[in-house]
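Colleague: I've just opened this one and I'm new to it. Could you walk me through it, one question at a time?

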Amino acid sequence: MRLRVEFTTEPFDLEEAPAHAVAAREVIQKAPLDAVDVGPFGNTAEGESEDVLTAVTALLRDSLGAGATRVSLQVNVIREDTP
């Protein structure tokens with residue numbers, strides 16, 4: 001099964017990326033995921049379920065440890081079209 005995760009970390013800082021946002025971005029970029037898109041107001045990545053779930057666990061641990069006060073995330077199953 002493939003999953004897509006979308007997430008943001010707070011509090012926001014419009015001047016520079018806070019440590020918790022950097023920590024979350026590093027986790028996602030180092031994970032064996034596809035279609036990684038990181039931005040100032042939202043981030044997405046796709047991959048096999050175990051890879052996404054492992055990355056989400058690390059993302060939560062690292063971003064909260066780096067000062068995030070809220071992590072919002074959504075995980076969706078990517079339906080594969082079958083003929």
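Modeller: Sure, and keep in mind that this is a predicted model. Let's begin with the pocket: by class, the lining of the largest pocket has six polar and two charged residues, plus 11 nonpolar ones.

Colleague: How much space lies in that largest pocket, then?

Modeller: There are 19 residues lining the largest pocket, and the closest to its centre include Pro-18, Ala-21 and Phe-41. The space in this pocket comes to about 290 Å³.

Colleague: Which element gives the largest share of the lining of the largest pocket?

Modeller: Two elements to look at are strand S1 (2-10) and helix H1 (19-30), as each supplies at least two residues of the lining. The largest share is four residues, and the element they come from is H1.

Colleague: Okay, on to the strands. How many bridges join S1 to S3, and how many pair S1 with S4?

Modeller: Take S3 to begin with: Arg-2 stands opposite Glu-48 in S3, and S1 and S3 run antiparallel, joined by six bridges. On the S4 side, Glu-6 has Gln-74 as its bridge partner. S1 and S4 (residues 70-78) also pair in the antiparallel sense, and the count there is nine bridges.

Colleague: And what joins S2 to S3?

Modeller: Strand S2 (residues 34-38) and strand S3 (residues 43-48) pair antiparallel over three bridges. Asp-37 is a handy place to look, since it stands opposite Thr-44 in S3. Four residues make the link from S2 to S3, and it is a hairpin.

Colleague: Which element gives the most to the largest nonpolar core?

Modeller: That core has 15 residues, and among those touching the most other members are Val-5, Phe-7, Leu-33 and Val-52. S1, H1 and helix H2 (49-65) are the elements that give two or more residues to this core. With four residues, the one that gives the most is H2.

Colleague: Is Ser-49 buried or exposed?

Modeller: Ser-49 is found in helix H2. Leaving aside neighbours within four places in sequence, Ser-49 is in contact with Met-1 and Leu-3. Its relative accessible area is 18%, and buried means under 20%, so Ser-49 counts as buried.

Colleague: What about Leu-73: buried, partly exposed or exposed?

Modeller: Leu-73 sits in strand S4. Not counting residues up to four places away in sequence, Leu-73 touches Glu-6, Phe-7, Val-56 and Leu-60. With a relative accessible area of 36%, and the partly exposed class lying between 20% and 50%, Leu-73 is partly exposed.

Colleague: What separates the C-alpha atoms of Leu-73 and Thr-44?

Modeller: Along the chain, Leu-73 and Thr-44 are 29 residues apart. In space, the separation of their C-alpha atoms is 9.6 Å.

Colleague: Anything odd in the backbone? Which residues does a cis peptide bond join?

Modeller: Most peptide bonds are trans. Here, though, there is a bond with omega at about 10°. One partner is found in the loop between S1 and H1, namely Pro-11. The cis bond joins Glu-10 and Pro-11.

Colleague: Last one: what is phi of Ala-35 near?

Modeller: Most residues other than glycine have a negative phi. Ala-35, placed in strand S2, has a positive phi instead. The value is near 50°.

Notes. Residues numbered from 1 in each chain as written. Predicted model: local features only at pLDDT ≥ 70, side-chain atom pairs only at ≥ 80, totals over all residues. Heavy atoms only, no water. 1 Å grid on protein atoms, 1.4 Å probe; cavity = no way out; pocket = protein on both sides within 12 Å on 5 of 7 lines; lining within 4 Å. Points joined across faces, edges and corners; volume = space filled by probe spheres on them. Nonpolar A, V, L, I, M, F, W, Y, C, P; charged D, E, K, R; others polar. Core = buried A, V, L, I, M, F, W, Y, C linked by side-chain atoms within 4.5 Å. Buried < 20%, exposed > 50% of the residue type's maximum accessible area, 1.4 Å probe, protein only. Pairing = 2+ DSSP bridges. Contact = heavy atoms within 4.5 Å.
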